[in-house]
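Colleague: Before planning bench work, I should like to go through the charged pairs and the nonpolar interior of this protein. Please show me the model.

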Amino acid sequence: MLPHLILTAVSLLNIAHAFPWMHPEYRGEKPNDFGKRNVTEEKRLLGLLDVPAALTATGGLLDGLVGGVAKNIQGSTRVPDAAHPFQAPGPTDQRGPCPGLNALANHGYLPRNGIVTSGEVISAVGTGFNMGADLATLLIFIAVAFGGNLETLTFSLGGEDDRTYSASGIGSKAAGRQFGLDGHSRCEGDISALRRDFFTNNGDNHNAHPDRFKRLIQLAKENGGEFTVEALNKFYAQNAADSIANNPKLFFNSYTIVVILGEYPFIPNFFSNGTYGAGGVANYESISSLLGMSTAADGTICYVPERFPENWYRRATPYGVAELIAGLAPTYLTGPSLTLPNPLGVLQNPAQASQIGCAVYQGLTGGIPASLLGSTNDYASRATELLRKNLLPILPPLYGCDPDQNTLQETSAGGGQYSTSSGSTNTYNICA
């Protein structure tokens with residue numbers, strides 16, 4: 001089973017990385033005809049008849065972004081159901097850089113402790129967001145191979161956690177590390193939407209930042225008052241420009257490029273109320289709740305545990321690998337020209353040339369599954385062990401960088417998404 005899963009996912013990954021310009025023809029949505037209704041009735045059904053006062057008294061920040069009404073929805077696509085109430089994560093529950101998975105865990109579609117299996121995730125993302133099984137398999141392959149347990153296909157939604165390890169064998173601590181989704185340049189990558197880069201943020205790549213969301217709000221205002229794909233692509237361009245200017249260790253692996261570029265169009269396509277592009281709305285009420293963002297009456301933005309909005313309907317048609325591939329090039333090309341992944345990226349800026357040693361080290365070790373980093377049972381892990389023993393002592397004096405800091409991974413007992421106890425020295429604006 002596992003070899004077939006890996007071969008399938010790798011082939012999909014290679015296609016997505018090598019041929020992002022191969023756009024499939026747009027497959028027209030065929031939403032259910034929800035019948036003719038007046039606007040007042042539609043608003044009543046969607047709980048938007050009266051926009052909450054807190055959203056209208058925000059110093060103009062949210063003007064034009066609230067009160068939209070989804071059309072052509074199907075009653076069977078309403079999420080969550082009564083069996084999945086919201087519950088904030090506890091102190092040992094893992095949450096990480098993926099808001100969609102965090103929301104699914106907060107509602108119990110995934111285990112609330114944030115320790116999940118591949119099968120559980122495929123089922124949950126299908127039920128909660130109508131993500132295609134092919135896309136879910138691709139993303140889960142990345143999560144398990146580079147941050148999880150290859151034996152049990154288990155991983156943490158946040159940082160490294162003892163609960164993902166096996167007692168012995170390939171899934172044990174003796175074989176390697178299971179960093180979870182927080183593992184930098186493995187599952188998570190630089191130029192994330194709402195998370196700052198690992199190097200420029202004291203090692204915190206998993207807490208969402210209100211300043212990023214405020215930037216996105218402004219872009220939504222410029223794009224019809226909704227968080228459209230066009231707005232998100234411009235958001236990528238701004239974030240990429242920031243990273244290029246301020247992060248001398250900006251780094252992409254082929255698989256993190258796919259994850260990060262895919263993340264931007266995911267927001268409207270998965271978080272809109274209803275099917276995006278077929279009557280669904282990507283407005284503030286639907287997007288902010290699933291991203292964990294809240295805006296106070298004075299316009300202050302803070303974040304809360306991610307949850308499904310009231311009267312929310314998932315997309316009616318699956319979003320899979322074909323849709324992912326179609327969105328990669330438009331997102332990438334919206335960004336700054338010559339945005340190259342390291343180690344090639346250092347050639348763009350002579351000041352970064354001293355970092356090429358660390359970039360090469362990351363490239364060599366980042367492609368090897370984390371759970372094999374400490375093993376000596378196969379060729380790949382033996383080669384990695386030689387690199388760790390022979391290259392690590394040389395890199396700092398030769399290249400002026402610390403590879404341990406460059407590839408540092410989050411280790412957390414849980415709750416890192418809503419605390420500053422996981423290695424970060426930053427202070428975050430958490431809603432009271």
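The exchange below takes up the salt bridges and then the nonpolar cores.

Modeller: The model is predicted, so local features need pLDDT of at least 70 and side-chain atom pairs count only at pLDDT 80 or more, while totals for chains, interfaces and linings use all residues. Residues are numbered from 1 along each chain as its sequence is written, and side-chain values use heavy atoms, with hydrogens and water left out.

Colleague: How many salt bridges does a search of the whole structure find?

Modeller: A salt bridge is here a side-chain nitrogen of Lys or Arg within 4 Å of a carboxyl oxygen of Asp or Glu. With that criterion, the search of the whole structure gives a total of six.

Colleague: Which residue meets Lys173 in a salt bridge?

Modeller: The partner lies, like Lys173, in the loop between strand S3 (154-156) and helix H7 (210-221), 11 residues apart from it; helices (H or I, at least four residues) and strands (E, at least two) are DSSP runs, numbered from the N terminus. The N to O distance is 2.6 Å, and the partner is Asp162.

Colleague: Is Asp162 buried or exposed?

Modeller: Buried means under 20% relative accessible area, exposed over 50%, and partly exposed in between (1.4 Å probe, protein chains only). The relative accessible area of Asp162 is 56%, so Asp162 is exposed.

Colleague: What is the N to O distance between Asp211 and Arg196?

Modeller: Asp211 lies in helix H7 and Arg196 in the loop between S3 and H7, so the pair ties together parts 15 residues apart in sequence. Asp211 is partly exposed at 39%, and Arg196 is partly exposed at 30%. Their side chains meet in a salt bridge with an N to O distance of 2.3 Å.

Colleague: With which residue does Arg215 form a salt bridge?

Modeller: Arg215 is partly exposed, at 23% relative accessibility. The closest N and O atoms of the pair are 2.6 Å apart, and the partner is Asp242.

Colleague: Which helix gives the most to the largest nonpolar core?

Modeller: A nonpolar core is a set of buried Ala, Val, Leu, Ile, Met, Phe, Trp, Tyr and Cys residues joined through side-chain atoms within 4.5 Å. The largest has 69 residues, and Phe213 and Phe227 have the most contacts inside it. Nine residues of this core come from the helix that gives the most, H9 (residues 254-271).

Colleague: How many residues has the other core, which includes Phe146?

Modeller: This core lies apart from the largest one, and Ile142, Ala145 and Tyr255 are also among its residues. Its size is five residues.
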